[in-house]
Amino acid sequence: MNDVVVVGAGAAGLATAIFARRLDPRRSVLLLDGAAKPGAKILVSGGSRCNVTNAAVTERDYWGGKRTIVRRVLRALPVAATVDFFQGLGVALKEEPHGKLFPTTDRSRDVLDALLRAAASSGVTLAAGTRVHEVLPGGSGFSLQTSRGPMTAASVVLATGGLSLPKTGSDGGGLTIARRLGHSIMPTTPALAPLLLSSEWFHAGLSGVAVDVELTVWVDGRVSERIRGSMLWTHFGLSGPVALDASRVVLRAQLEQRPVMVSANFFPPATFDSVDARWATAATSRPRTSMQNALADELPASVASALLAHASIDGGTALGALSRHHRRALAHALTGLPLPVTGSRGYNYAEATAGGVSLDEVDPAGMGSRRVPGLFLVGEMLDVDGRIGGFNFQWAWSSARAAAEGLARRRA
């Protein structure tokens with residue numbers, strides 16, 4: 001009988017195993033993972049640099065379950081404690097724009113290797129290449145059906161992740177196990193995924209061009225989210241931080257079959273009226289300047305051309321010759337350009353999963369299941385997903401620490 005079996009050796013699983021052994025070295029911890037080489041998602045994250053956490057993390061950085069529950073879990077391992085944890089593993093972190101914390105070496109491999117070393121030195125037994133098919137409660141613990149035969153455990157931690165980046169091993173198997181054990185699964189969608197635009201739109205000609213915008217997501221005709229930052233035009237549609245953050249809101253609305261629309265403001269926080277007035281003033285002060293040159297002073301030339309064409313304005317038109325009708329059309333395009341989003345690139349390109357095991361069915365004090373005593377759930381398989389910037393990793397570390405404390409209390 002193993003004291004603890006952790007299913008899934010990703011970020012949350014590795015951290016749970018490490019914390020569990022550190023809190024009680026007498027307890028045996030077996031860490032199982034279906035992949036021959038665990039931690040593939042850590043390796044590819046953050047452009048292979050691994051955005052470990054963020055300098056400022058609160059429950060407002062997350063979607064999904066109740067914020068009061070998210071807040072309580074985050075308290076189990078705040079950012080400062082996370083930085084100290086990795087410092088102790090030999091991974092120093094540096095801060096980049098928007099509070100993103102990366103390893104100073106810019107190598108995600110260093111993060112994974114440090115976690116694997118810490119697991120080994122803590123006394124965690126890692127069994128890679130071991131797929132768990134079923135977890136059955138009974139008697140004094142659990143029986144597990146695995147690809148290496150049956151196993152038993154007093155407590156089980158499910159840390160298998162969601163469905164994002166399935167090539168790394170995240171295929172939703174843990175969610176199936178949780179459902180069979182009686183848990184409610186909130187419907188899943190990709191999160192932090194690039195967005196697709198209608199093939200009839202002008203985005204293909206702007207592929208590779210980045211621009212700062214504010215995206216507004218409208219659901220049921222009302223503003224649901226405003227997100228400001230960098231947007232990258234691509235051959236298929238939109239990427240970049242704002243598009244990835246917006247994807248969660250868009251895809252959830254589409255899943256629920258609610259009317260959803262996305263618009264872009266290229267001069268936030270300017271409004272239609274202020275931009276219209278600005279162009280009217282420019283027409284007086286620089287009447288001979290062409291519209292193309294005037295707009296290219298503030299936006300990439302290719303974007304300026306595309307927006308002028310969208311507003312049916314000849315780029316060679318002088319500012320002084322711009323009609324009121326065309327000036328207002330341009331102001332609309334610059335402050336509320338409708339973007340015909342048709343969907344996303346799916347789980348293969350998503351950095352996270354929205355949906356999962358309902359947070360209402362987990363005790364935030366220790367991540368224990370309210371349905372199955374002795375079962376714990378952590379990380380991405382829960383109905384919590386953060387915005388881009390290290391927040392999903394912080395959720396993994398915090399929920400792992402909370403689970404380890406819950407395991408320690410259960411043993412006591």
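**Exercise 1. Place G161 in the predicted model, and decide whether G161 is buried or exposed.**

Step 1. Find the element. G161 sits in the loop between β10 (149–158) and α6 (173–180).

Step 2. Check the accessible area. The relative value for G161 is 12%. Buried means under 20%, so G161 is buried.

Step 3. List the contacts, leaving aside neighbours within four places in sequence. G161 touches E380 and M381.

Step 4. Set G161 against G374. The two are 213 residues apart in sequence. C-alpha to C-alpha, they are 19 Å apart in space.

**Exercise 2. Which residues of helix α10 are buried, and what do the buried residues pack against?**

Step 1. Take residues 301–310, which form α10. Buried here are V303, A304, A306, L307 and L308.

Step 2. Recall the helix geometry. An α-helix has 3.6 residues a turn, so residues three or four places apart point the same way.

Step 3. Name the packing partners. The buried residues of α10 pack against two helices, α9 (291–296) and α11 (324–336), and two strands, β14 (222–233) and β17 (337–339).

Step 4. Look past the helix. S312 follows α10 and has a positive phi, near 60°.

**Exercise 3. Trace the pairing of β16 with β13 and with β17.**

Step 1. Start with β13 (residues 210–219). This strand pairs with β16 (residues 260–265) in the antiparallel sense, over 6 bridges.

Step 2. Pick a bridge. L215 has A264 in β16 as its partner.

Step 3. Move to β17. The strands β16 and β17 run antiparallel, joined by 3 bridges.

Step 4. Pick a bridge here too. S263 is partnered by P338 in β17.

Technical notes:
Residues numbered from 1 in each chain as written. Predicted model: local features only at pLDDT ≥ 70, side-chain atom pairs only at ≥ 80, totals over all residues. Heavy atoms only, no water. Helix = DSSP H or I, 4+ residues; strand = E, 2+ residues; numbered from the N terminus. Buried < 20%, exposed > 50% of the residue type's maximum accessible area, 1.4 Å probe, protein only. Contact = heavy atoms within 4.5 Å. Pairing = 2+ DSSP bridges.
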